[in-house]
Amino acid sequence: MSDRESLLDRFCRYARIDTQSSDTSSSYPSTEKQKDLLRVLVDDLKAAGLADAEMDGHGYVMATLPSNIPPGHSAFGRVPTIGLLGHVDTYHEVSGANVKPQVHRNYDGGDIVLPGDPSIVIRASEEPDLVACKGMTIVTADGTTLLGADDKAGVAEILEAVWRFREDPKRLHGPIRIAFTPDEEVGRGTERFDAKKFGATFAYTVDGSGVGELESETFCADSATLKVGGADVHPGYAKGKMTNAVRVLADVIMALPQHRTPETTEAREGYLHPINLSGNVSEATANFIVRDFTEEGLHDLEATLKSAAEWAGKKYPGAKVTVETKESYRNMKYILDQHPQVTDYAEEAIRRAGLTPRRTSIRGGTDGARLTFMGVPTPNLFDGSMNFHGKKEWVPLEWMDAAVQTLLHLMDVWVVRSRS
Ligand SMILES: [Zn+2]
């Protein structure tokens, strides 16, 4: 079997295993079935010669590919331990049971009708990236489930890279630590992750996004709580006496800039987003999330919320209006900028794989961002999967293979750049 066919076979094998996570479960991992794939990965890592591969009680799989740099080589003992991570779970709102990967060879550039539900059509007119894949091998689901290329493409690519290192001992690499994690989709991928045990100096998640992409920025995120204290009296005799906390709260929300909401922002614009509210006449509360790419931008948005609260306090003298903010997470760029080689080497590897690197930012957080703040700077490398979180997910085999090539080049760049 050629390298490419073995990558395809491996990906489809992983995609068929149901690993949907749950956002309502409080156990860890959130669903036991994620371990069905994690156990297979332990076996596959061992088969590739990574003897220490094991799954811990939380479901995290870790393994080591020891350095093969010979003593006397100018990089011997100088290459830092590099981590590679992928997540096994799939999105919680679309079924991942009985996934039937469909392989469309020599794609003709037209619409792809999914055979399990012909009403689900991946339309060439809606997917400019897909049209560019004419002649390639495209993998999709059958229309009844998601595919789970997010992130089983990444998982398969990491294992394939390990396998190709093993088959070609002339390819030198430093120490590599592998981790496969559960529960990324429900935002809990690093909740029980032992960064010390992982032991990587720098790492890369291989997850989502189109060919050539390198994600090195995430939002800065805070939460804010707006509280209004009012004064309740019998509504029949309330004139001049009542202060209705519900109306004051509504007034504050409507006074906020309408061009600073998730519905009205994109790219690098931040927002102030009320996510729920509760209350009665005497007391009302709204919870917000605040997002921006810089801390200054975040603080500007919070100042806007606070001045709206002050304005309402003056407009309604009987009301007590307060705002409290709490830090959630920060843009990983603040840390990654202190270690520019981590993203520079990744860009060099992408270029060496014959692609044009594209630096992008994520309007959200990632496991890599959390790891970055746990002491392991971790940008995200593309896995080639598109349209994730839906039934119209697709991934070209050629892009998955390009991701494997990128990983092989990346480890070589670390060796070359670490020479004395
Ligand atoms: Zn993902």
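Modeller: The axes of helix α9 (residues 340-352) and helix α11 come within 8 Å of each other and cross at roughly 125°. Keep in mind that this is a predicted model.

Colleague: Why is α9 called oblique to α11?

Modeller: Roughly perpendicular covers 65 to 115 degrees and roughly antiparallel begins over 145. The crossing is at roughly 125°, so α9 counts as oblique to α11. The crossing is also right-handed.

Colleague: Which residues of α9 and α11 meet there?

Modeller: From α9 it's Q341, Y345, A346, E348, A349, I350 and R352, and from α11 it's T406, H409, L410, V413, W414 and R417. Sorted by class, that contact has seven nonpolar, three polar and three charged residues.

Modeller: α11 (residues 397-417) also packs against helix α4 (residues 149-167), at an angle of about 50° and with the axes 9 Å apart.

Colleague: And what makes α4 oblique to α11?

Modeller: Roughly parallel needs an angle under 35 degrees, and roughly perpendicular starts at 65. An angle of about 50° fits neither, so α4 is oblique to α11. This crossing is right-handed. On the α4 side the contact uses A153, A156, E157, I158, E160, A161 and R164, while α11 brings M400, A403, V404, L407 and L408.

Colleague: How many nonpolar, polar and charged residues does the contact of α4 with α11 have?

Modeller: Nine nonpolar, no polar and three charged. One more thing about α4: D151 lies in this helix, and a cis peptide bond joins D150 and D151, with omega about 10°.

Colleague: Let's turn to strands. Which strands does α11 lie across?

Modeller: β7 and β17, running at about 65° to β17. Those two belong to an open sheet of three strands, ordered β4-β7-β17 with antiparallel pairing.

Colleague: What makes β4 and β17 edge strands?

Modeller: β4 (102-104) and β17 (394-396) each have a single partner strand, so one side of each has no neighbour in the sheet. Ignoring direction, neighbouring strands here are turned by 25° against each other on average.

Colleague: How do you know that β4 pairs with β7?

Modeller: Pairing takes at least two bridges, and β4 has three bridges to β7 (residues 138-140), running antiparallel. Within that pair, V103 stands opposite V139.

Colleague: Why is strand β10 described as largely enclosed?

Modeller: Five of the six residues of β10 (residues 213-218) are buried, so the rest of the structure largely encloses this strand. β10 pairs with β15 (residues 358-362) in the parallel sense over five bridges, and E217 has S361 as its bridge partner there.

Colleague: How do you know that β10 also pairs with β16?

Modeller: Two bridges join β10 to β16 (residues 380-381), and the strands run antiparallel. At least two bridges are needed, so β10 and β16 qualify as a pair. L214 of β10 sits opposite L381 in β16.

Colleague: Is H73 buried, exposed or partly exposed?

Modeller: Buried takes 20 or more other C-beta atoms within 10 Å, and exposed takes 12 or fewer. H73 has 16, so H73 is partly exposed. You'll find H73 in the loop between β2 (61-65) and β3 (82-87).

Colleague: What makes D183 count as buried?

Modeller: D183 has 27 C-beta neighbours inside 10 Å. The cut-off is 20 or more, so D183 is buried. D183 sits in the loop between β8 (176-181) and α5 (195-198) and has a positive phi of about 65°, although it is not a glycine.

Colleague: Why does S209 count as buried?

Modeller: S209 has 22 C-beta neighbours inside 10 Å, and 20 is enough, so S209 is buried. S209 belongs to the loop between β9 (202-206) and β10. The phi of S209 is positive too, at about 70°, and S209 is not a glycine.

Colleague: Where is P29 found?

Modeller: In the loop between α1 (3-15) and α2 (34-47). A cis peptide bond joins Y28 and P29, with omega about -5°.

Colleague: How many helices and strands does the protein have?

Modeller: 11 helices and 17 strands. Of the 420 residues, 46% are buried.

Methods
Residues are numbered from 1 along each chain as its sequence is written. This is a predicted model: local features need pLDDT of at least 70, side-chain atom pairs count only at pLDDT 80 or more; totals for chains, interfaces and linings use all residues. Axes are lines fitted to C-alpha atoms, for helices over the stretch in contact, and angles run from 0 to 180 degrees between N-to-C directions. Helices (H or I, at least four residues) and strands (E, at least two) are DSSP runs, numbered from the N terminus. A crossing is left-handed if the near helix is turned anticlockwise from the far one by less than a right angle, and right-handed if clockwise. Two residues are in contact if their C-beta atoms, placed from the backbone, lie within 7 Å. Ala, Val, Leu, Ile, Met, Phe, Trp, Tyr, Cys and Pro count as nonpolar, Asp, Glu, Lys and Arg as charged, and the others, Gly among them, as polar.
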